[in-house]
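User: Please take a close look at one helix of this model and at how it packs against the rest of the chain. Start with how far the prediction can be trusted.

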Amino acid sequence: MKFCWVKAHVGIPGNKLADTLAKEAATNLDIAECYNRVPKSVVKHELEDRSVDKWQTDWNRSTKGKITKDYFPIVAKRLKMKITTTHKFTIMGTGHGNINAYLYRFKISKTSTCASGEADQTTDHLLYKCDLLRTQRDLLRSTISKSEGWPTTKHTLVTKYYKEFIRLTNQISFETLH
């Protein structure tokens, strides 16, 4: 069995008929469901697997989202994670938002430098080096250092030390780091 997405209205034989029949089946309550050949669960599983595989392929090929890819390199694993996203988590997980390096790219900030004066204010700088976040980072580092070395990867932060990482991100006052 093979399922694939077909772009509408491109002249593929049978596509218009399949679309018409699918719409009729979806809206006509008098048509009895018939799954005697393939169970619905098999179809659902097949579609999910293929879409996640395609998503992963697209994710790997894309040149966009480098920071987010560092946190979530494998789409299927991310989909299984229970994550509560916050504004601050999103900033750290994407590099978009109230960070000087990002704002400077769009001429919103006059400088890309961190308020600490050490380097460009990027998520890596804030997470691993910024003196202004030393206290918060030291707490995270001490927890992680009990079982592995520091610095750890961003992926490890969200998979093994999610609570500690969220604690750090929630303590960052992005407004005062300019």
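Analyst: The model is predicted, with an average pLDDT of 87 over the protein chain and 90% of the residues at 70 or above. Helix α1 (residues 15–27) has the lowest confidence, at a mean of 76, whereas α3 has the highest, at 97. Where pLDDT is low, the predicted coordinates should not be read in detail.

The helix examined here is α10, which spans residues 162–171. Its buried residues are Tyr162, Phe165, Ile166, Leu168 and Thr169. These residues lie on the same side of α10, because the arc they cover around the axis is only 160°. In general, residues three or four places apart in an α-helix point the same way, because there are 3.6 residues a turn. The buried residues of α10 pack against five helices: α3 (66–71), α5 (87–94), α7 (123–128), α8 (134–145) and α9 (154–160).

The largest nonpolar core has 26 residues, and Phe165 is among those with the most contacts inside it, along with Phe89, Met92, Leu126 and Leu127. At least two residues of this core come from each of α5, α7, α8, α9 and α10. Helix α10 supplies the largest share, four residues. Beyond its neighbours within four places in sequence, Leu126 touches Met92, Ile99, Gln121, Leu133, Arg137, Phe174 and Leu177.

Tyr162 and Phe165 also belong to an aromatic cluster, where ring pairs link them with Tyr71, Phe72 and Phe89. The structure has six aromatic pairs. Phe72 of this cluster has Arg78 over its face, at 5.3 Å from the ring centre.

How values were computed:
Residues are numbered from 1 along each chain as its sequence is written. This is a predicted model: local features need pLDDT of at least 70, side-chain atom pairs count only at pLDDT 80 or more; totals for chains, interfaces and linings use all residues. Side-chain values use heavy atoms; hydrogens and water are left out. Buried means under 20% relative accessible area, exposed over 50%, partly exposed in between (1.4 Å probe, protein chains only). The arc is that of the directions from the helix axis to the C-beta atoms. Contact means heavy atoms within 4.5 Å. pLDDT is the predictor's confidence in each residue, from 0 to 100. A nonpolar core is a set of buried Ala, Val, Leu, Ile, Met, Phe, Trp, Tyr and Cys residues joined through side-chain atoms within 4.5 Å. Rings of Phe, Tyr and Trp (its six-membered ring) pair if their centres lie within 6.5 Å; planes under 30 degrees apart count as stacked, over 60 as edge-to-face and the rest as tilted. A charge sits over a ring if NZ of Lys or CZ of Arg is within 6 Å of the ring centre and within 35 degrees of the ring normal.
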